Amino acid sequence: DWLGDAAYAMPAIALMSIWKGFGFPMLVFLASLQAIPERLYEAARIDGAGRWHQLCSITLPMLRPTLIFVGVMTAIGALQLFAEPYVMTGGGPADSTLSLVLLMYRQGFRWWSMGYAAAIAFVLFALVLLASALPMVWRRWRDRR
């Protein structure tokens, strides 16, 4: 009983959410991999670079913007987790699958505590803003060094 046990309910929801959201990042990565010019790999092979060196010196640096984009979008999606715990467990057992958005929904529409729900929404906004701004701040800091 995965969804009935507090220790396994959240990992079960996490696995289902990962499976559900796996397609979009894979399409983005596929498009990004296809955009890497083949001449870079050809020049690396001529210079004697092996597959590991090509991965570390060409593929990963060229995928850095895509990695950042997918990471930010995944983080924002994880912060907005609602449908999975609502449908699968309703936030239980013992609130082990209670997400921030589900808590906001409960406060606002079950107990009609709109002020508390609005405060949770503001915290969620701040977390999404932080998740979005952090890579830009980190990049500016890295470029100054």
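**View 1. Helix H6 and its buried residues, in a predicted model.** Helix H6 covers residues 100-110, and its buried residues are Val101, Leu102, Arg106, Gln107 and Gly108. Three helices pack against these buried residues. They are helix H4 (51-79), helix H5 (83-88) and helix H7 (114-144). Just after H6 comes Trp112, with a positive phi of about 50 degrees.

**View 2. The loop between H5 and H6, with Pro93 in it.** The peptide bond from Gly92 to Pro93 is cis. Its omega is near -10 degrees. Ala94 belongs to the loop between H5 and H6, and so does Asp95. Ala94 is not a glycine, yet its phi is positive, about 55 degrees. Asp95 is not a glycine either, and its phi is positive at about 60 degrees. How does the solvent see these residues? Ala94 is exposed, with a relative accessible area of 75%. Asp95 is partly exposed, at 44%.

**View 3. The largest pocket, with a volume of about 530 Å³.** The lining of the largest pocket is made of 20 residues. Of these, Ser17, Gly21, Thr74, Gly77 and Ala78 lie nearest the centre of the pocket. Helix H1 (6-20), helix H2 (23-34), H4 and H5 are the elements that give two or more residues to this lining. Which element gives the most to the lining of the largest pocket? H1 does, with six residues. By class, the lining holds 13 nonpolar residues, five polar residues and two charged residues.

**View 4. The second largest pocket, with about 160 Å³ of space.** Its lining residues are Glu38, Tyr41, Arg45, Arg51, Gln54, Leu55 and Thr59. Two elements, helix H3 (38-46) and H4, give two or more residues each to this lining. The largest share comes from H4, with four residues. By class, the lining of the second largest pocket has two nonpolar, two polar and three charged residues.

**View 5. Helix H2, from its first C-alpha to its last.** H2 has twelve residues and reaches 17 Å. That is close to the 16 Å expected at 1.5 Å a residue. Which residues of H2 are buried? They are Pro25, Val28, Phe29 and Ser32. Seen down the axis of H2, these buried residues fall within an arc of 95 degrees, so they line one face of the helix. Leu27 and Gln34 are exposed, on the other side of H2. H4 is included in what covers the buried residues of H2.

**View 6. Ala12, a residue of helix H1.** Is Ala12 buried or exposed? Ala12 has a relative accessibility of 12%. Buried means under 20%, so Ala12 counts as buried. Leaving aside residues up to four places away in sequence, Ala12 touches Trp2 and Leu3. Ala12 and Met88 are 76 residues apart in sequence. In space, their C-alpha atoms are 9.7 Å apart.

**View 7. Ala121, a residue of helix H7.** Ala121 has a relative accessible area of 30%. With the partly exposed class running between 20% and 50%, Ala121 is partly exposed. Along the chain, Ala121 and Met104 are 17 residues apart. The separation of their C-alpha atoms is 6.8 Å.

Technical notes. Residues numbered from 1 in each chain as written. Predicted model: local features only at pLDDT ≥ 70, side-chain atom pairs only at ≥ 80, totals over all residues. Heavy atoms only, no water. Buried < 20%, exposed > 50% of the residue type's maximum accessible area, 1.4 Å probe, protein only. Contact = heavy atoms within 4.5 Å. 1 Å grid on protein atoms, 1.4 Å probe; cavity = no way out; pocket = protein on both sides within 12 Å on 5 of 7 lines; lining within 4 Å. Points joined across faces, edges and corners; volume = space filled by probe spheres on them. Nonpolar A, V, L, I, M, F, W, Y, C, P; charged D, E, K, R; others polar. Expected span 1.5 Å × (residues − 1). Arc of directions from axis to C-beta.
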